[in-house]
Amino acid sequence: MRNEDVKAFELAIYFVKNHNYRFVTINGSDGDFWLTNPSNMEFPIIRITGKSAESVYFDKEKMLKIHEALKKLLKTDCRLLTIHTTDETEVDTDPDYEQVIMKSGSSVGKSLVFMFPLVEKAITNFTDNQARYNELLDDLKELNHQKEKVRKIKHKFVLRPSYVVIAICVITYCLTQLVSMVFGISNISAEIFMGAYYRRFVIVNHEYWRFLTVGLTHGSILHLLMNMFSLFYLGPLTEKVYGKRNFMIILLGSTILGTMIFHTFETSLLAVGLSGGIYGLFGALFIQTFVPNSLMRHPALKKWIYQIILINLFVNFMPGIAVSAHLGGLISGLAIGFLLSKDPKLESFKIHAKICFTILVLFLSYRVIIDKNVEKKPYSNEYEIIEVCNKLHLNFYSDNLLKNINKFYYNR
């Protein structure tokens, strides 16, 4: 085993251990070590080799093909950093990649040292190549063992946003029942108090936050279980496909827009449930069935999401279902999922999609603000809610609500 190859292995382990790089197995790499770390913005791809810099001219085409393949895998556009552990003193520059010579005791560029502290000390002096190679293998096994332990711990205690939303919905439902029993008010009044969509309060008191909090309230235990069951299975899948942050954007965005569409095209006074947001998850996952290399391209998952969407579309024909909120959530999920997808082929369409989406949001916002389509007559449950707020010392809210009710209904 050549001294240069062992040094290359030693340097590769330094990057894996200290900078979260991972080995990539590539057929025909001829003893080169390829490393990736998507979180490193400057050099997410590194090639470390014990070959001389001159050999690059013979391997350049093959090396750049591997680099292109890894760029597509990581969905990034970056330069390749190739490091040689040979005894050469000079290296020619090349516009296609950055080349560095490293050996024990050598100095490297300041930019590389700044990005990778202690990289100059990564290669040590040794005489027995095989013994050092065996030591490095043991180090790598121990490192992998430690990473596996950390991975299991993280997996065991992972906090998924979808599970947090489920917990909040369950707590909200329990509090709704508690408010109803303790204060002796109807379930509908308790749901409105806890944040359900109530058309009259949206118009009279400008409570636009109800477009979001509607998703936390549910009308019955069966309604709650159905939505939470759907979220339990769809949530983690959407998180895996889009990421946790984007999952929340899809869920919350679809809930808000779905309820705004419901408000615009229907005159129903009350709405509860997270169904608009769940339909948004359907739409976002449906978009991914057309994105190359997406998890949703798997035939079984693709068939499953098509079947689920079809079944839920038929559910909309059942009585008591807020069809426009469901379809509004589905359309919103399709739009948001499209904008968040990372398919390069879709990039040229995203500008037009963003314009259309912005117009839709502005249109719905305008319709919500100018809408005054509500009977100018107060309902008894509205005074129930004011009374509960006073008992809970929420006077800042109850006083403002009463003032706007009197102003809207009685012009005083």
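**View 1. Glu 54 sits in the loop between β3 and α2 (56-74).** The model shown here and in the views below is predicted. Glu 54 is exposed, because its relative accessible area is 56% and exposed means over 50%. Val 202 makes a useful second landmark for this view. Along the chain, Glu 54 and Val 202 are 148 residues apart. In space, 72 Å separates their C-alpha atoms.

**View 2. Strand β3 (residues 45-49) is mostly covered.** Five of its five residues are buried. The covering applies to both faces of β3. On one side are Ile 45, Arg 47 and Thr 49, all buried. On the other side are Ile 46 and Ile 48, buried as well.

**View 3. Strand β3 pairs with β2 (residues 33-36) and with β4 (residues 80-84).** The β2 pairing is antiparallel and has four bridges. Here Leu 35 has Ile 46 of β3 as its bridge partner. Trp 34 stands opposite Arg 47 in β3. The β4 pairing is parallel, over four bridges. Ile 46 appears again in this pairing, opposite Leu 81 in β4. Ile 46 is one of the buried residues of β3.

**View 4. Strand β1 (residues 22-24) joins β2.** The two strands run antiparallel. Three bridges hold the place of contact in the list of pairings. In β2, the residue opposite Arg 22 is Thr 36.

**View 5. Tyr 197 and Phe 262 form an edge-to-face pair.** The structure holds 17 aromatic pairs. In this one, the ring centres are 5.4 Å apart and the planes meet at 80°, so the pair counts as edge-to-face. Tyr 197 belongs to strand β6 (residues 197-198), while Phe 262 belongs to helix α10 (residues 244-265). The pair therefore ties together parts that lie 65 residues apart in sequence. Both Tyr 197 and Phe 262 are buried.

**View 6. Phe 408 and Tyr 409 form another edge-to-face pair.** Their ring centres are 5.6 Å apart. Their planes stand at 80°, so this pair is edge-to-face. Phe 408 and Tyr 409 are both buried. A charge also sits over one of these rings: the charged end of Lys 376 lies over Phe 408, 5.1 Å from the ring centre.

**View 7. The charged end of Arg 200 sits over the ring of Tyr 379.** The distance to the ring centre is 3.8 Å.

**View 8. Four aromatic residues form one cluster.** The members are Phe 9, Phe 23, Phe 33 and Tyr 133. Phe 23 falls within strand β1 (residues 22-24), and Phe 33 within strand β2 (residues 33-36).

**View 9. The second largest pocket holds about 520 Å³ of space.** Its lining draws on separate stretches of the chain. Lys 72, Leu 73, Leu 74 and Lys 75 are among the lining residues. So are Val 291, Pro 292 and Asn 293. Lys 342, Asp 343, Pro 344 and Lys 345 also line this pocket. By class, the lining has five nonpolar, one polar and five charged residues. Asp 343 is one of the charged residues in the lining.

Conventions
Residues are numbered from 1 along each chain as its sequence is written. This is a predicted model: local features need pLDDT of at least 70, side-chain atom pairs count only at pLDDT 80 or more; totals for chains, interfaces and linings use all residues. Side-chain values use heavy atoms; hydrogens and water are left out. On a 1 Å grid over the protein atoms alone, a cavity is a set of points where a 1.4 Å probe fits but cannot get out, and a pocket is an open set with protein on both sides within 12 Å along at least five of seven lines; lining residues have an atom within 4 Å of a point. Grid points are joined across faces, edges and corners, and a volume is the space filled by probe spheres set on the points. Rings of Phe, Tyr and Trp (its six-membered ring) pair if their centres lie within 6.5 Å; planes under 30 degrees apart count as stacked, over 60 as edge-to-face and the rest as tilted. Buried means under 20% relative accessible area, exposed over 50%, partly exposed in between (1.4 Å probe, protein chains only). A charge sits over a ring if NZ of Lys or CZ of Arg is within 6 Å of the ring centre and within 35 degrees of the ring normal. Two strands pair if DSSP finds at least two bridges between them.
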